[in-house]
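Work through the exercises below with the sequence and the 3D structure at hand. Try each task before reading its solution.

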Amino acid sequence: MAADDAKNAARFQVLRSDKVNVRAGPATSYPIDWVFTRKGLPVEVVASFDTWRKIRDIEGTEGWVHQGMLAGRRSVIVQGKQPSPLRAEAKFGAPPVATLEPGVIGRLVRCDPTWCEVRVDSYRGWMTHEELWGVMPGEIVQ
């Protein structure tokens, strides 16, 4: 993959600060459309221009942020309308170590093509890719 292609490939990162201005375009001369106020929130980087990254949140809202406001570590958001179990093992039917509400943010530890290991506070367990936003379908994370 060429360097420009890799730089522009969709990927997930997290917000580095509790206050991140999201702009209409890739420069400080563009107006601020909104402000994120949740450090560690996963966002999808969908485009790059110079030191600016176009991001998309879980609701599909897009805008531009300076690359310095993003960190390379990974987190995920529990998605859906019902609570989901954080399982003790990467298999269906494994006992839950916790039950997580939609919107809970967890630290992504690793993923195989079906399951992701997630850490939320002192809990660590497994959820499927489909239960999470912040990983590509089938993505392997080590």
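**Exercise 1.** Find the strand that holds W34, and list the residues distant in sequence that W34 contacts.

Solution. The model used here is predicted. Step one: W34 sits in strand β3, which covers residues 32-36. Step two: set aside the neighbours within four places in sequence; W34 is then in contact with V20, N21 and V22, and also with T61, E62 and G63. Step three: take G63 from that list. G63 lies 29 residues from W34 in sequence, and the C-alpha atoms of the two are 8.7 Å apart.

**Exercise 2.** How many aromatic pairs does a search of the whole structure find? Classify the pair of W34 and F36 as stacked, tilted or edge-to-face.

Solution. Step one: the search of the whole structure gives 3 aromatic pairs. Step two: one of them joins W34 and F36, with 5.9 Å from centre to centre. Rings pair if their centres lie within 6.5 Å, and the distance for W34 and F36 meets this cut-off. Step three: the planes of W34 and F36 are at 85 degrees to each other. Because planes over 60 degrees apart count as edge-to-face, the pair of W34 and F36 is edge-to-face.

**Exercise 3.** Decide for W34 and for F36: buried, partly exposed or exposed?

Solution. Step one: the relative accessible area of F36 is 9%. Buried means under 20%, so F36 is buried. Step two: the value for W34 is 21%. This is not under 20% and not over 50%, so W34 is partly exposed.

**Exercise 4.** Place Q13 in its strand, state whether Q13 is buried or exposed, and list its contacts.

Solution. Step one: Q13 belongs to strand β1, residues 11-15. Step two: Q13 has a relative accessibility of 15%, so Q13 counts as buried. Step three: leaving out residues up to four places away in sequence, Q13 touches L41, P42, V43 and V45, together with L70, A71, G72 and R73.

**Exercise 5.** Which cysteines form a disulfide, and what is the handedness of the link?

Solution. Step one: a search of the whole structure finds 1 disulfide. Step two: its partners are C111 and C116, with sulfur atoms 2.1 Å apart. Step three: the angle about the S-S bond is 105 degrees, and the link is right-handed. Step four: C111 has a relative accessible area of 6% and is buried; C116, at 0%, also counts as buried.

Terms used: Residues are numbered from 1 along each chain as its sequence is written. This is a predicted model: local features need pLDDT of at least 70, side-chain atom pairs count only at pLDDT 80 or more; totals for chains, interfaces and linings use all residues. Side-chain values use heavy atoms; hydrogens and water are left out. Rings of Phe, Tyr and Trp (its six-membered ring) pair if their centres lie within 6.5 Å; planes under 30 degrees apart count as stacked, over 60 as edge-to-face and the rest as tilted. Buried means under 20% relative accessible area, exposed over 50%, partly exposed in between (1.4 Å probe, protein chains only). Helices (H or I, at least four residues) and strands (E, at least two) are DSSP runs, numbered from the N terminus. Contact means heavy atoms within 4.5 Å. A disulfide is a pair of cysteine sulfur atoms within 2.5 Å.
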